[in-house]
Amino acid sequence: MTETATTEELPEFPAPRLGKCPFAPPPGLLELQDADKPVRRVRIWDGTTPWLVTTHVAQRQILSDPRLSATIARDGYPHTTEAMKVHASEMQPSINNTDGAEHTRWRRMLTSSFTRPRMQKLRPAIQQITDDLIDKMLAGPNPTELNEALSLPLPSLMICELLGVPYDDHEFFQEHAGVTNAVFKSPEASAATAATLRSYISGLIEKKMDDPGEDVLTDLAERVKAGDLAMEEAAPLGHILLVAGHDTSANMITLGTALLLQNPEQLAGLREHAHDEKYVANAVEELLRYLTLPHLLARRAVVEDIELGGETIRAGEGVIASLPAANWDPVAFPEPATLDLARAAAHHLAFGWGPHQCVGQQLARVELQVVFGTLFRRIPTLRLDAELDDLKFKEDSQAYGIYELPIAW
Amino acid sequence: MKIVIDEERCVAAGQCVSAAAKVFDQREEDGIAVLLDERPPAELAPDVRQAAAVCPALAIRIEE
Ligand code: SF4
């Protein structure tokens, strides 16, 4: 059999959503899930045939295995987009794109700024912002659009505060974050956006050298000043945090709201327990599990042959751990298609797994807990002001979401 | 039960603190997990096991 004949029969990744439920992972992806065969070859957009890992247990295994690399310039790395493939070799090493001790160095630069105790201290501020945004929404036109009114401004305000980025620039960076996360952008557009955001961030870091604040960019400015970090290294770090810090939480708020409105019984339970922090915290984990925004991740290049699920995966081959598949694995989460805010859900992989697990996860958690604990309590009559079928879902973005969510009350 | 944290592996994800706040905390300066109670009482054992299970870096070891 020739190489082409084999690859033609392979399932495509990502599979189209087509399905009846836009909140569920693609049916074609779930069909591939098989506890006895957790690893199989798929074909991706550029015709290459990396391995797809579909079960929870196998994903936890490979995402913490040092024989797999997150460095996107490595042989076999399965690129998500054409832009990434074209620019892979010029990518600055940074937190999301290094391994081992080098990765640890990057990671430790940021971890103190995002610890759980620190993020918990932000809870009152996040509550205040949420209440203010809801006040404003209630005083404004009805119906309205949720991304504009609440989902985007809340995490943007928070990440601006933490990083020391002026919120007045939000339209500029929200637009560029959209381009950063788009799947079908041209390599040129991608490079232009990255350059724009980086020069914006390095401008801010330079300012903080003379006029320090209490924020992450000031910490980076001090490192640059001390010679521990080059400006070319600091700027991409700021870029990653700024983009990851608001776009993901925003999509989670909008998708989660739409999903809860489709599940009135679960929503009633959430309303009833809105003051029970533990219940709300677990409900957020279940929403994270169910919706798993990073629907195209996680990806690795194999640097040393490994045995997994009865297959030998060779050095130089690529691996995709489909996080939504792990989070809908019936072995880890019985009846995965049932949204159950009270189920044990904390072991989901929505933030990834292994040393690259999301740095900002504790911030995201507090934001989501506050929003979902507040929104339906304050606006009990909240409803969708559109047909589900008419909504446009972000299949073409690296963070799944909904472009516009019309709501009324 | 006795708990051991591998500081080298810890990636400061804070998952252990979410699962068992009476037993784990995170260091101010670098977010590395710290043990508040190396030998926690039996009633905290389920939370501690949960913490070890959700630690993405497999940095928590439990000795029975
Ligand atoms: S969960 Fe693991 S990696 Fe995260 S802070 Fe605790 S010990 Fe460290």
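Helices, as the term is used here, are DSSP runs of H or I with at least four residues, numbered from the N terminus. The structure described is a predicted model.

In chain A, Pro14(A) lies in the loop that links helix 1 (3–8) to helix 2 (27–31). The peptide bond leading into this proline from Phe13(A) is cis, with omega near -5°. A cis peptide bond is also found from Leu297(A) to Ala298(A), where omega is near 0°. Ala298(A) belongs to the loop between helix 15 (277–291) and strand 5 (299–302) of chain A. A further backbone feature concerns Glu335(A), which is not a glycine yet has a positive phi of about 45°. Glu335(A) is placed in the loop between helix 16 (323–327) and helix 17 (361–378) of chain A.

The packing of two packed helices is described by the angle between their axes and the distance between the axes. For helix 10 (residues 170–181) and helix 11 (residues 187–210) of chain A, the axes come within 9 Å and cross at roughly 140°. The crossing of helix 10 and helix 11 of chain A is left-handed. On the side of helix 10 of chain A, the contact is made by Phe172(A), Phe173(A), His176(A), Val179(A) and Thr180(A). Their counterparts in helix 11 of chain A are Ala189(A), Thr193(A), Thr196(A), Leu197(A) and Tyr200(A). By class, the residues of this contact comprise six nonpolar, four polar and no charged.

In chain B, the residues around the ligand are Cys10(B), Val11(B), Ala12(B), Ala13(B), Gly14(B), Gln15(B), Cys16(B), Ala33(B), Cys55(B), Ala57(B) and Ile60(B). This shell consists of nine nonpolar and two polar residues, with no charged residues. The ligand occupies the largest cavity.

Notes:
Residues are numbered from 1 along each chain as its sequence is written. Chains are lettered from A and ligands numbered from 1 in the order in which they are written. This is a predicted model: local features need pLDDT of at least 70, side-chain atom pairs count only at pLDDT 80 or more; totals for chains, interfaces and linings use all residues. Side-chain values use heavy atoms; hydrogens and water are left out. Axes are lines fitted to C-alpha atoms, for helices over the stretch in contact, and angles run from 0 to 180 degrees between N-to-C directions. Helices (H or I, at least four residues) and strands (E, at least two) are DSSP runs, numbered from the N terminus. A crossing is left-handed if the near helix is turned anticlockwise from the far one by less than a right angle, and right-handed if clockwise. Contact means heavy atoms within 4.5 Å. Ala, Val, Leu, Ile, Met, Phe, Trp, Tyr, Cys and Pro count as nonpolar, Asp, Glu, Lys and Arg as charged, and the others, Gly among them, as polar. A residue is near a molecule or strand if one of its heavy atoms lies within 4 Å of it. On a 1 Å grid over the protein atoms alone, a cavity is a set of points where a 1.4 Å probe fits but cannot get out, and a pocket is an open set with protein on both sides within 12 Å along at least five of seven lines; lining residues have an atom within 4 Å of a point. A molecule sits in a cavity or pocket if more than half of its atoms lie within 2 Å of its grid points.
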